[in-house]
Amino acid sequence: MANEENEVYLTKIQNLLPSHLLVQVPKLIPHFQKLEALVPLPKELPELLKKGIYFALLQSVVRLLNRETDPLLPEIVPEYKELVRTIIETYESLKPEVESNWLDECIQFGDKSAYHWEWKHFDSKELF
């Protein structure tokens, strides 16, 4: 059931997505079905927070795929939990308004996080 709800939520928010993420939605749904099972979100999140989490997750998965890194590698999956935790804490601290740049910031955070994860788990080992 969670997979169907997840797909419906991605469909629900897709009209809010920037075009670079919108074109990726069909390709992302299978990844999100697996990710949702591995990284369950807390229930009853405020809508703006939930959108922010999804936007950050979407961008991080897109970035990893674009860099030819499997977004569901065992090293990466725990990082999503940390991403969600950080976004929730930031949301509770900032209490952003709907008209703020919250969603754009979440996308940027997801993008930067994916770069960091890849460096942390793979590139840094090659350097040392």
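## Exercises on a six-helix chain

The largest nonpolar core of this predicted model has 39 residues, and Phe32, Ile53 and Tyr80 have the most contacts inside it. A nonpolar core here is a set of buried Ala, Val, Leu, Ile, Met, Phe, Trp, Tyr and Cys residues joined through side-chain atoms within 4.5 Å. Buried means under 20% relative accessible area, exposed over 50%, and partly exposed in between, with a 1.4 Å probe and protein chains only.

Residues are numbered from 1 along each chain as its sequence is written. The model is predicted, with local features needing pLDDT of at least 70 and side-chain atom pairs counted only at pLDDT 80 or more, while totals for chains, interfaces and linings use all residues; side-chain values use heavy atoms, with hydrogens and water left out.

### Exercise 1. The chain and its core

Task: State how many helices and strands the chain has, and find which element gives the largest share of the largest nonpolar core.

Solution.

Step 1. There are six helices and zero strands, and the pattern along the sequence is α-α-α-α-α-α. Helices (H or I, at least four residues) and strands (E, at least two) are DSSP runs, numbered from the N terminus.

Step 2. Return to the core of 39 residues. Two or more of its residues come from each of helix H1 (2–13), helix H3 (25–38), helix H4 (47–66), helix H5 (77–94) and helix H6 (102–127). H4 gives the largest share, 11 residues.

Step 3. Take Ile53 as an example. Not counting residues up to four places away in sequence, Ile53 touches Leu41, Leu45, Val84, Ile87 and Ile88. A contact means heavy atoms within 4.5 Å.

Step 4. Set this beside a general tendency: in soluble globular proteins, nonpolar side chains tend to be buried together. In this chain of 128 residues, 45% count as buried. Of the contacts with a separation of 6 or more, 79% are between residues 24 or more positions apart.

### Exercise 2. Gly52

Task: Decide whether Gly52 is buried or exposed, and list which residues it contacts beyond its sequence neighbours.

Solution.

Step 1. Gly52 is part of helix H4.

Step 2. Gly52 counts as buried because its relative accessibility is 0%.

Step 3. With neighbours within four places in sequence left aside, Gly52 is in contact with Ile87, Trp102, Leu103 and Cys106.

Step 4. For Ile87, the separation along the chain from Gly52 is 35 residues, while the C-alpha atoms are 7.6 Å apart.

### Exercise 3. Val39 and the cavity

Task: Place Val39 in the chain, then identify which residues line the largest cavity.

Solution.

Step 1. Val39 sits in the loop between H3 and H4. Val39 counts as buried because its relative accessibility is 5%.

Step 2. Leaving aside neighbours within four places in sequence, Val39 contacts Val77, Tyr80, Lys81 and Val84. Val39 and Glu82 are 43 residues apart in sequence, yet their C-alpha atoms are 9.9 Å apart in space.

Step 3. One cavity of 30 Å³ or more is found in the whole structure. On a 1 Å grid over the protein atoms alone, a cavity is a set of points where a 1.4 Å probe fits but cannot get out, and lining residues have an atom within 4 Å of a point. Grid points are joined across faces, edges and corners, and a volume is the space filled by probe spheres set on the points.

Step 4. The largest cavity has a volume of about 60 Å³, and its lining consists of Phe32, Leu35, Glu36, Val39, Leu41, Tyr54 and Leu57. H3 and H4 are the elements giving two or more residues to this lining, and H3 supplies the largest share, three residues.

### Exercise 4. Two positive phi angles

Task: Find where Glu68 and Lys95 lie, and state what phi each has.

Solution.

Step 1. Begin with the background: most residues other than glycine have a negative phi.

Step 2. Glu68, in the loop between H4 and H5, has a positive phi of about 60°. Glu68 is exposed because its relative accessible area is 76%.

Step 3. Lys95, in the loop between H5 and H6, has a positive phi of about 45°. Lys95 counts as exposed because its relative accessibility is 59%.

Technical notes. 1 Å grid on protein atoms, 1.4 Å probe; cavity = no way out; pocket = protein on both sides within 12 Å on 5 of 7 lines; lining within 4 Å.
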